[in-house]
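Colleague: I have a chain on my screen and some bench questions about it. Can you take me through the model?

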Amino acid sequence: QVQLVESGGGLVQPGGSLRLSCTFSGSAFRIYVMAWYRQAPGKQRELVASITSGGTTNYKDFVKGRFTISRDNAKNTAFLQMTDLRPEDTAVYYCNAAFSWNDDYWGQGTPVTVSS
């Protein structure tokens with residue numbers, strides 16, 4: 001069953017912005033960590049940013065100052081505000097929701113293409 005659904009991806013010019021959304025359904029329990037990953041063509045999936053239920057955030061260096069992760073705990077939704085997008089940001093972006101270190105779920109991904 002699909003429990004995580006991402007949206008908001010698309011085609012954008014360099015320097016532009018996009019906001020990705022991820023919503024989890026199917027559980028009433030608190031999500032410990034929500035995170036965004038991305039996978040570019042021919043490359044492995046990599047962590048972009050994460051946020052805990054308490055609001056603590058972590059970013060990889062290549063997105064610091066450009067991307068912002070946030071969440072709405074009441075709606076089981078995470079967001080990734082992406083600004084100053086670069087061609088190297090082109091990838092399929094995936095949301096992950098973790099209830100524990102051994103219990104997590106993946107969305108199907110939303111593609112982001114940055115091109116002039």
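**Rings, core and loops**

Modeller: Start with Tyr-105, which counts as partly exposed at 26% relative accessibility. Keep in mind that this is a predicted model.

Colleague: How many helices and how many strands are in the chain?

Modeller: Read along the sequence, the pattern is β-β-β-β-β-β-β-β-β-β-β. The count is therefore zero helices and 11 strands, taking strands as DSSP runs of at least two residues.

Colleague: What radius of gyration does the chain have, and what would a compact globule have?

Modeller: The C-alpha trace spans about 45 × 30 × 25 Å along its principal axes. For 116 residues, a compact globule would come out near 13 Å. The chain agrees with that, at 13 Å.

Colleague: What percentage of the residues is buried?

Modeller: A residue counts as buried under 20% relative accessible area. The accessible surface of the chain is about 6,400 Å², and 48% of that belongs to carbon and sulfur atoms. Of the 116 residues, the buried share is 41%.

Colleague: Among contacts between residues at least 6 apart in sequence, what percentage joins residues at least 24 apart?

Modeller: Contact here means heavy atoms within 4.5 Å. For the chain, the share is 53%.

Colleague: Now the rings. How is the pair of Phe-99 and Tyr-105 classed?

Modeller: Phe-99 is buried, at 18% relative accessible area, whereas Tyr-105 is partly exposed at 26%. Their ring centres lie 5.9 Å apart, and the planes meet at 85°. Planes over 60 degrees apart set the class. So the pair is edge-to-face.

Colleague: Which residue joins Phe-99 and Tyr-105 in a cluster of ring pairs?

Modeller: The third member lies in strand β3. This residue is buried, with a relative accessible area of 4%. Its contacts include Phe-99 and Tyr-105. The residue that completes the cluster is Phe-24.

Colleague: Where does Gly-107 sit relative to Phe-24, C-alpha to C-alpha?

Modeller: Along the sequence, Phe-24 and Gly-107 are 83 residues apart. In space, their C-alpha atoms are separated by 8.8 Å.

Colleague: How many aromatic pairs are there?

Modeller: Ring centres must lie within 6.5 Å to pair. By this rule the count is five.

Colleague: What class is the pair of Tyr-32 and Trp-101?

Modeller: Their centres are 5.9 Å apart, with 85° between the planes. That makes the pair edge-to-face.

Colleague: How many residues apart are Tyr-32 and Trp-101?

Modeller: Tyr-32 is in the loop between β3 (18-24) and β4 (33-39). Trp-101 is in the loop between β9 (91-100) and β10 (103-106). The pair links distant parts of the chain, with a separation of 69 residues.

Colleague: Is Trp-101 buried or exposed?

Modeller: Its partner Tyr-32 is partly exposed, at 36% relative accessible area. Trp-101 has a relative accessible area of 75%. The cut-off is over 50%, so Trp-101 is exposed.

Colleague: Which rings have Arg-45 over their face?

Modeller: One ring centre is 3.7 Å from Arg-45, and that ring belongs to Tyr-94. The other distance is 4.6 Å, for the ring of Trp-106.

Colleague: Which backbone oxygen lies 3.0 Å from a polar side-chain atom of Thr-77?

Modeller: Thr-77 lies in strand β8 (residues 77-82). It is buried, with a relative accessible area of 7%. Beyond its sequence neighbours, Thr-77 touches residues including Cys-22, Met-34 and Asp-72. The oxygen 3.0 Å from the side chain belongs to Lys-75.

Colleague: What is the relative accessibility of Met-82?

Modeller: Met-82 also lies in strand β8. Leaving aside neighbours within four places, its contacts include Leu-18, Leu-20, Phe-67, Tyr-93 and Val-112. Met-82 counts as buried, at 0%.

Colleague: What phi does Asn-76 have?

Modeller: Most residues other than glycine have a negative phi. Asn-76 is found in the loop between β7 (67-72) and β8, and is buried at 16% relative accessibility. Although not a glycine, Asn-76 has a positive phi of about 50°.

Colleague: And Asp-84, where is that residue found?

Modeller: Asp-84 has a positive phi of about 50° and is not a glycine. At 39% relative accessibility, Asp-84 counts as partly exposed. Its place is the loop between β8 and β9.

Methods: Residues numbered from 1 in each chain as written. Predicted model: local features only at pLDDT ≥ 70, side-chain atom pairs only at ≥ 80, totals over all residues. Heavy atoms only, no water. Phe/Tyr/Trp six-rings, centres within 6.5 Å; stacked < 30°, edge-to-face > 60°. Helix = DSSP H or I, 4+ residues; strand = E, 2+ residues; numbered from the N terminus. Buried < 20%, exposed > 50% of the residue type's maximum accessible area, 1.4 Å probe, protein only. Lys NZ or Arg CZ within 6 Å of the ring centre and 35° of its normal. Polar contact = N/O pair within 3.5 Å; in protein donor to acceptor, adjacent residues only side chain to side chain. Rg over C-alpha atoms; globule rule 2.2 N^0.38 Å. Areas by Shrake-Rupley, 256 points an atom, 1.4 Å probe, with all protein chains shown as cover.
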